[in-house]
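Here's a quick tour of a small set of features you can check for yourself on screen. Have the sequence and the 3D view open side by side as you read.

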Amino acid sequence: MIVVHAEIHAQIPERAAVREAMIAAQDAARAQDGCISFDFAEALDEPGRFLAVERWRDTAALQA
């Protein structure tokens, strides 16, 4: 299993648009073969700072 952690920083005026883009990316990734999970969370103490955690079956699934 491959685990990917990412951090995304959105400027506050763009926060809603970034959130919508992340929801679309999350839905698309979850539909891919080999995606075990794909989730975003916003830091409680820092609005606009999002964390992503992806889990993939293997490197080939991640690269696809």
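What follows starts with the whole chain and then zooms in on strands and single residues. Keep in mind that this is a predicted model. The chain has two helices and three strands, and if you read along the sequence they come in the order β-α-β-β-α.

**The chain as a whole**

- The C-alpha trace spans about 35 × 20 × 15 Å along its principal axes.
- Of the chain's 64 residues, 23% count as buried.
- The accessible surface comes to about 4,400 Å², and carbon and sulfur atoms account for 55% of that.
- Take the contacts in the chain with a separation of 6 or more: 55% of them come from residues 24 or more positions apart.
- There are 6 positive and 11 negative charges, and the mean positions of the two groups are 4 Å apart.

**How the strands pair up**

- Strand β3 covers residues 49-56, and both of the other strands pair with it: β1 (residues 2-9) and β2 (residues 35-42).
- β1 and β3 run antiparallel and are joined by eight bridges; along this pairing, histidine 9 sits opposite arginine 49 of β3.
- β2 and β3 also run antiparallel, with seven bridges between them; here cysteine 35 has tryptophan 56 of β3 as its bridge partner.
- β2 and β3 form a hairpin with six residues between them, and glycine 48 in that turn has a positive phi of about 95°.

**The two faces of β3**

- Which residues of β3 are on its covered face? They are Phe50, Ala52, Glu54 and Trp56.
- Arg49, Leu51, Val53 and Arg55 make up the uncovered face of β3.

**Phenylalanine 50, on the covered face**

- Phenylalanine 50 belongs to strand β3, and it counts as buried because its relative accessibility is 4%, under the 20% cut-off.
- Leaving out residues up to four places away in sequence, phenylalanine 50 touches Ala6, Glu7, Ile8, Ala10, Arg15, Val18, Met22, Ala41 and Glu42.
- Valine 4 is 46 residues away from phenylalanine 50 along the chain, and their C-alpha atoms are separated by 14 Å.

**Tryptophan 56 and the nonpolar core**

- The largest nonpolar core has five residues: Ala29, Cys35, Phe38, Trp56 and Ala61.
- Beyond its neighbours within four places in sequence, tryptophan 56 has a long list of partners to look for, including Met1, Ile2, Gln32, Asp33, Gly34, Ile36 and Leu62.
- Tryptophan 56 is also in contact with Ala29, Cys35, Phe38 and Ala61.

**Serine 37, a residue of β2**

- Is serine 37 buried or exposed? Serine 37 is buried, because its relative accessible area is 16% and the limit is under 20%.
- You'll find serine 37 in strand β2, where it is in contact with Val53, Glu54 and Arg55, not counting its neighbours within four places in sequence.

**Methionine 1, at the start**

- Methionine 1 lies in the segment before β1, and at 61% relative accessibility it counts as exposed, because exposed means over 50%.
- Even so, methionine 1 touches Ile36, Arg55, Trp56 and Arg57, setting aside residues up to four places away in sequence.
- Methionine 1 and threonine 59 are 58 residues apart in sequence, while their C-alpha atoms are 8.0 Å apart in space.

Key:
Residues are numbered from 1 along each chain as its sequence is written. This is a predicted model: local features need pLDDT of at least 70, side-chain atom pairs count only at pLDDT 80 or more; totals for chains, interfaces and linings use all residues. Side-chain values use heavy atoms; hydrogens and water are left out. Buried means under 20% relative accessible area, exposed over 50%, partly exposed in between (1.4 Å probe, protein chains only). Helices (H or I, at least four residues) and strands (E, at least two) are DSSP runs, numbered from the N terminus. Two strands pair if DSSP finds at least two bridges between them. Contact means heavy atoms within 4.5 Å. A nonpolar core is a set of buried Ala, Val, Leu, Ile, Met, Phe, Trp, Tyr and Cys residues joined through side-chain atoms within 4.5 Å. Accessible areas come from the Shrake-Rupley method with a 1.4 Å probe; for residues, only the protein chains shown count as cover. Lys and Arg count as positive and Asp and Glu as negative; His and the chain ends are not counted. The place of a charge is taken as NZ of Lys, CZ of Arg, CG of Asp or CD of Glu.
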